[in-house]
Amino acid sequence: MADNNDAFVRFVEVQKSYDGETLVVKDLNLDIPQGEFVTMLGPSGSGKTTCLMMLAGFETATHGDIVLDGNPINNVAPHKRNIGMVFQNYALFPHMTINENLAFPLKVRKMPEAEVQERVKKALDMVELGAFGTRRPAQLSGGQQQRVAVARALVFEPKLVLMDEPLGALDKQLREQMQYEIKHIHESLAVTVVYVTHDQSEALTMSNRIAVFNDGIIQQLAPPEDLYERPDNAFVAQFIGENNKLIGTVKEQHGTNCTVETEDGSTIEALAVNNSGSGTKTTLSLRPERVVIRPEAGRCPNIFEATVIELIYLGDHMRTRVNLLGHDDFVIKVPNSSGHQHLKEGEKVSVGWLPEDCRALDYA
Amino acid sequence: MVQAAQTFQVAEGMSLKAALAKAERRNKTRALLLVLPLLVFVSFTFLAPIAQMMFRSIDNPVVAGVFSETLIVLEDWDPSGAPTPPEKAYETLAAELARGYKNRTVGRAATRLNYSQGGMRSLITKTARKISRVQVGPFMEGRWKDKFLEIDKDWGDREVWATIKYSGDRYTAEFFLKALDLGYDWDKSVTAEPENRQLYFLTGFDSVWWRTFWISALVTALCVLLGYPVAYLLANLPLRISNLLMILVLLPFWTSLLVRTTAWIVVLQTEGVLNDVMMFMGIIDERIQLIFNRFGVVIAMTHILLPFMILPIYSVMKTIPPSYERAARSLGATPWTAFWKVYFPQSLSGIGAGGLLVFILALGYYITPALVGGPTDQLVSYFIADHTNRSLNWGLASSLGAFLLAGVLAVYVLYDKLVGIDNMKLG
Ligand SMILES: Nc1ncnc2c1ncn2[C@@H]1O[C@H](COP(=O)(O)OP(=O)(O)OP(=O)(O)O)[C@@H](O)[C@H]1O
Ligand SMILES: [Mg+2]
């Protein structure tokens, strides 16, 4: 990661309040190096759009600095920021043709006509819509409009492009295809992208790093695989992917591990990540695919008896819900590998997991 | 391929088309039943009067009724030949005048003839009065023409007889000609009216028709200029403030037209509020005439029609998401460029709808100009009302009305051609 001071985009202690009473964004610090694809991911109302709007200049930060390429831009008007933006509803100008839409940012920059033509053509070719230049936006499909919106945000070669849920209106298949297209464009143009979504698989697919937002705070900023495999706190563990949550009290802390006693008196060996020492409550987080059925003796310190409640066949794996330590929403993913163990509903089975797969996190 | 060309058949050999028509017939019947009361209402209160107005604008029964026998005699007379008709015509007319004088129908005929030719009313009534006293008998044989000329020498005039002849047509285009300051000459060719009788069209820029047109256009333009910013505020201010503003815009709607118009009289009259204020502030040193003239008409009409401009523009602006302007800004447009190149073109259909509405309403405006305008500031509706209520020239009133209706339809069609009526959003 680049050194803080030459980060391309910096949020420094940024706060935002709309009504003067509640903070929608609380103390945001974020450094984005040039060329990175950063996604803001979080539940509805967590302040993602607000952050993007502050960066684009349509909202002012109540406190703190936003720095772009070394210059504070708090007092720079939106049209002077040179930031491309893709809106959720695309915001293609309905009274202009596709060509005119793409030419708009070039014309307001007083670019010579010949160059405008050339750039528009290049941008349309980039999104493979060369033949559609003379149509109106209403004559294009949702996916095509979306590509035009991306092309328009890029045609004036901004160094930074913001996208606020640009794929939200598309169906699943088209969305996945567009994810790859945007990703490829990002890679080939080396442009910095700040992307907002609340679809986590989209975030995981596309991003270099993901900032998980909740309640106006970045809960964790990390590459996709870290976020999934090494969540810092209970919110991230719960928000990203499927997660088994167990509540317990820390008995003893030894090295990187700790011993946790659950409500029904069982003890679990876990990796101490973000718990506040012995005697305090902690949330244990355990991914369903890390639970082993009928572990060999001596391999896992955590072995418990579980009762199978429900089996759902999902092709590549069997989603198995069991009752474990008094919780009957404990989920195990049993891979559909050759020679896998067949389970039956109501069957009692021993399950186990390694301490490093079970993370002791904060208790919210 | 062969199969595709075949018409589809459903059970019992009925073609698919017929089956569809049958299925839809019930729905259509039900729909028709639902709109039937309205249809009946509209045809009685709206379509029938319009049809009647159209009919009256060409209907011409009076002269044909009162002078029916004279008109038969006049059929053989060619005005371009002999300057006066034969003695037989004088004799028949004398009889009909006397009869008309007795049963009081001659006055109506005289009035009607006067529409066509100034001076005819007095000529006819005078002659009728005098001719009814003449003893009828064999001794009058061959002396009727002299008697008429004795009463008034105009009876030797080609034009008087020609007027009676063409005014006797059961159906006539004369009222339409009159509505454009035209009329028939003695040979029934179309000519301009004498200048002292011109009013509607031929007196140039300030004739009734032109005046109606340009005052409406001016009022429409003022409504756009004043209404657009208000609509913009309504659509873009926070809800709490814009609701208040909306009430202020709607308030005039809930006030009687008459009250609003008289309020302008209070404000604008020579001893009124505005003059007082301007005198007090020293802007003027002599009270100025602000009302009962063109200025007052334009001000009051603009005020009264303003909501009809604001609401359509507002309803269009409401549908323009703020993201368009933001997108334009993010693409490098200054606030003005973003407004002018992106926002304004999208609001044009609102201006079109509001403009159409205000212009059409203004074309037919009556009460306001009648109350705050001077005699030379009246629009065409005033003359329609005047001919309907006072001068009772219903033929002319109807033809003015028909032209007004045609004008409104023409504006509508023009708008449809230029903008497309289905782009219009109202309220
Ligand atoms: N213009 C505004 N005025 C007042 N409050 C606002 C405004 N815009 C957003 N908020 C509030 O700020 C909070 C954050 O909103 P924001 O739009 O940033 O959420 P988001 O993370 O983008 O949510 P979503 O995923 O639903 O788009 C919300 O509680 C919202 O109600
Ligand atoms: Mg949002």
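Reader: Which residues of H13(B) are buried?

Author: A residue is called buried under 20% relative accessible area, exposed over 50% and partly exposed in between, with a 1.4 Å probe and protein chains only. In H13(B), the buried residues are Arg260(B), Thr261(B), Ile265(B) and Leu268(B). They lie on the same side of H13(B), because they cover an arc of only 150° around the axis; the arc is that of the directions from the helix axis to the C-beta atoms.

Reader: On what basis are such statements made?

Author: This is a predicted model, in which local features need pLDDT of at least 70 and side-chain atom pairs count only at pLDDT 80 or more, while totals for chains, interfaces and linings use all residues. Residues are numbered from 1 along each chain as its sequence is written, chains are lettered from A and ligands numbered from 1 in the order in which they are written, and side-chain values use heavy atoms, leaving out hydrogens and water.

Reader: What covers the buried residues of H13(B)?

Author: Contact means heavy atoms within 4.5 Å. Helices (H or I, at least four residues) and strands (E, at least two) are DSSP runs, numbered from the N terminus. The cover of the buried residues includes helix H14 (273-280), helix H15 (294-318) and helix H18 (367-372) of chain B. Within helix H14 of chain B lies Asn275(B), which counts as buried because its relative accessibility is 0%. Leaving aside residues up to four places away in sequence, Asn275(B) touches several residues, among them Leu268(B), Gln269(B) and Thr270(B).

Reader: How is the span of helix H13 of chain B judged?

Author: The expected span is 1.5 Å times one less than the number of residues. For the 12 residues of H13 (residues 257-268) this gives 16 Å, and the end C-alpha atoms are 17 Å apart, which agrees.

Reader: Which strands pair with E7(A)?

Author: Two strands pair if DSSP finds at least two bridges between them. Strand E6 (residues 83-86) of chain A pairs with E7(A) in the parallel sense over four bridges, and Val86(A) stands opposite Met163(A). Strand E8 (residues 192-197) of chain A is also parallel to E7(A), over five bridges; there Thr192(A) is the bridge partner of Leu160(A).

Reader: Which residues of E7(A) are buried on each side?

Author: Leu160(A), Leu162(A) and Asp164(A) are buried on one side, Val161(A) and Met163(A) on the other. Five of the five residues of strand E7 (residues 160-164) are thus buried.
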